[in-house]
Amino acid sequence: MTGLPAGLDRGRALHLLGEMLRIRQFEARCAESYSAGSIRGFMHLYDGEEAIAVGIMQVLGPQDAVVSTYREHGHAIARGIRMGPLMAELYGKRTGCSGGRGGSMHIFDARTRFYGGNAIVGGGIPLAVGLALAEKMQRRPGVVACFFGEGATAEGEFHESLNLAALWRLPVLFLCENNLYAMGTALARSEAQIDIHLKAATYGLRSVAVDGMDVFAVEQAAAAAAEHARSGGGPAFLELRTYRFRAHSMFDAQLYRDKAEIEEWQKKGPLITLTTQLKAAGLMTEDDYQRLVREADAEVAEAVAFAEASEWEPVEDLLRHVYAEARPS
Amino acid sequence: MNAEAVVTRITYREAVKQAIREALRSDPRVFLMGEDVGHYGGCFAVSKGLLAEFGEERIRDTPLSESAFVGAGIGAAMGGMRPIVEIMTVNFSLLAADQIVNTAATVCHMSGGQFGVPVVIRMATGAGRQLAAQHSHSLESWYAHVPGLRVVVPATIDDARGMLKPALASPDPVLIFEPASLYNMEGDLTDASVNADLSTARVHRRGTDVTLITYGASLWRCATAAEQLAAAGIEAEIIDLRSLRPLDDETILQSVRRTRRAVIVDEGWRSVGMSAEVAMRIVERGFYDLDAPIARVCTEEVPLPYPKHLEDAALPNAARIVAAVQGMFGHAN
């Protein structure tokens with residue numbers, strides 16, 4: 001952490017912490033609902049990486065698009081997808097933001113231009129390049145924020161896509177959440193070059209490494225990257241260095257890393273650090289903090305109630321949405 | 001004679017090019033991208049001249065990165081454009097299979113119908129040009145297996161000219177397979193203003209004694225076989241499937257109910273392919289209408305060899321089709 005920005009406004013500080021808390025509390029409740037059997041399938045929680053989602057989303061507007069991965073609850077919440085439909089999606093209910101058809105790994109939302117929820121590692125990256133191509137060809141000002149993990153940088157689609165985006169100078173923000181483990185494989189066990197941003201730089205695009213535990217550092221880097229892309233400078237790459245506090249998915253016994261390592265990272269987690277800093281700077285009291293937690297908990301509880309009260313899609317609808325229902329006349 | 005009824009004689013290649021040109025002229029959202037579609041003119045010369053007419057913004061040469069440019073076509077379609085993505089051959093499309101199968105085919109469903117993928121992906125398929133085992137296969141049935149995709153194979157000049165427009169109007173991803181051996185074929189374009197539909201089969205030749213069910217380049221092998229059979233007193237009906245997904249069961253069954261015999265001719269391999277699918281659909285709903293077991297003429301189970309005599313021996317041909325039909329009538333030659 002580099003410390004708080006000079007002249008930080010109290011309201012803004014509490015907003016950023018509040019957004020991160022909303023994600024943390026949502027994920028905690030997801031884990032409970034998973035244990036209770038209300039959520040099934042694969043579920044990947046975001047604890048530890050909240051500063052990235054929140055920092056990035058501060059610089060995006062409604063004209064911009066987001067392409068995400070299977071660890072996308074945090075991105076979805078920070079992007080403004082309401083928690084009720086989000087939780088209902090995890091429950092598989094028809095009121096879910098993807099109509100219940102996707103589940104935890106496939107969050108989609110047209111209103112916020114949230115294009116998944118893509119669960120093939122690296123598979124969303126070409127999609128983001130195409131969305132950016134559409135922005136450019138239609139002379140629209142949008143940029144496309146494309147999230148993926150450091151594991152994806154071993155995939156061919158990553159390299160093909162960076163080359164194409166740089167070649168055509170497309171407005172993509174390549175956002176690599178480097179949490180050091182591709183499922184259970186440590187970075188140094190899978191990559192010859194572990195400075196991920198250096199790999200990206202070889203494609204001739206703007207590329208920097210950022211402390212992904214510092215929401216202000218993320219926001220600042222994202223603002224510069226978005227400005228670069230928006231002004232026709234082409235794609236930008238951010239390697240956001242972070243750590244996942246929980247298991248890869250709910251099936252992961254974490255045999256590949258030490259508890260001590262996790263505890264070390266938790267001490268420098270994005271929430272605890274920001275909380276400590278804001279209190280030390282006199283920008284937040286313990287009462288303020290407790291109020292933020294209560295508000296987040298209340299929102300999550302309401303979302304769970306919504307999801308639980310929602311109906312299942314009738315089995316008669318099974319074959320819907322294989323093809324578009326609105327046909328040209 | 002009015003202008004629209006004029007019959008013009010053109011090649012299959014020219015028919016495809018005319019369709020692309022018309023689409024580019026009539027809709028600013030349409031663009032063409034793929035390997036060597038611009039300055040080279042297309043590996044099969046389909047897009048030759050289009051770069052000069054439409055410029056680099058709309059005729060986009062891509063790097064050799066099938067996954068990225070097919071995925072970019074999918075993304076551009078979701079972002080409001082109407083891309084025509086050209087892949088050199090179906091063999092190369094396997095490098096983009098992730099984007100086609102895992103993304104294009106699933107987004108509508110995974111998003112609960114919020115997003116569609118109105119992309120058109122064209123590629124060459126099939127053998128006959130001595131291009132050996134990595135440029136000659138007929139893998140379209142692999143894609144026809146996948147819900148969420150539409151798969152068409154234009155075999156005639158009219159379909160080569162007519163299928164692109166409805167494909168671009170489709171809110172779903174459409175894969176168009178162009179048999180490479182047909183690009184030089186000349187034929188009559190009967191009416192350029194007619195839009196071919198994307199979901200029905202077509203009776204190519206009327207007959208009463210046996211139904212030959214086929215698609216793509218094998219249509220013309222069946223046509224030759226039918227002439228030879230007619231000389232021997234057997235009138236074969238030929239059905240051009242045109243669309244492999246959806247499959248037009250009704251046209252197939254109506255024909256088989258009349259002829260009571262079916263031979264499926266498929267340039268794909270016999271095992272686990274289109275011919276098996278078509279045969280089973282006949283069995284499921286038309287078993288008691290059959291007077292003979294269904295027969296199949298497919299490519300031999302071998303990666304396609306380079307030498308002409310071996311390639312020819314591997315592929316379906318008129319002699320094998322005639323023999324299969326005669327076998328049904330109990331007089332194998």
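Here are legends for close-up views of a predicted model.

**View 1. The two domains of chain B and where they touch.** Chain B splits into domain 1 (8-189) and domain 2 (202-328). Their C-alpha centres sit 26 Å apart. On the domain 1 side the contact uses 24 residues, and on the domain 2 side 21 residues. Look for helix 7 (140-144), strand 6 (150-152) and strand 7 (174-179) of chain B: each of them puts at least two residues into the side of domain 1 that touches domain 2. If you sort that side of domain 1 of chain B by class, you get 12 nonpolar, 9 polar and 3 charged residues.

**View 2. The largest nonpolar core, with Cys146(A) and Leu173(A).** This core holds 198 residues, and Cys146(A) and Leu173(A) have the most contacts inside it. Helix 5 (residues 124-137) of chain A is the top contributor to the core, giving 9 residues. Chain B is in on it too: domain 1 (8-189) and domain 2 (202-328) of chain B each bring at least three residues to this core. As a bit of background, nonpolar side chains in soluble globular proteins tend to be buried together.

**View 3. Zooming in on Leu173(A).** Leaving aside residues up to four places away in sequence, Leu173(A) touches Val143(A), Val144(A), Ala145(A) and Cys146(A). Its contacts also include Ala225(A), Ala226(A) and Ala229(A), plus Ala236(A) and Leu238(A).

**View 4. An open five-strand sheet in chain B.** Read across, the 5 strands of this open sheet go 9-11-10-13-14, and the pairing is mixed. Strand 9 (202-205) and strand 14 (295-299) of chain B are the edges; each has a single partner strand, so one side of each has no neighbour in the sheet. From one strand to the next, the twist averages 25°. Inside the sheet, strand 10 (residues 210-214) and strand 13 (residues 262-269) of chain B run parallel and are joined by 3 bridges. To find your way along this pair, start at Leu212(B), which stands opposite Val263(B) of strand 13.

**View 5. Helix 4 of chain A, mostly covered.** Helix 4 (residues 83-91) of chain A has 9 of its 9 residues buried. Nonpolar or not, they're in there: the buried residues include Met83(A), Leu86(A), Met87(A) and Tyr91(A), and Glu89(A) is also one of them. Among the elements covering the buried residues of helix 4 are helix 1 (10-35), helix 3 (73-79) and helix 12 (286-309) of chain A. Right after helix 4 comes Gly92(A), with a positive phi near 80°.

Conventions. Residues numbered from 1 in each chain as written. Chains lettered and ligands numbered in written order. Predicted model: local features only at pLDDT ≥ 70, side-chain atom pairs only at ≥ 80, totals over all residues. Domains from an automatic or database assignment. Contact = placed C-beta atoms within 7 Å. Helix = DSSP H or I, 4+ residues; strand = E, 2+ residues; numbered from the N terminus. Nonpolar A, V, L, I, M, F, W, Y, C, P; charged D, E, K, R; others polar. Core = buried A, V, L, I, M, F, W, Y, C linked by C-beta atoms within 7 Å. Buried ≥ 20, exposed ≤ 12 C-beta atoms within 10 Å, placed from the backbone. Pairing = 2+ DSSP bridges. Axes fitted to C-alpha atoms, helices over the stretch in contact; angles between N-to-C directions.
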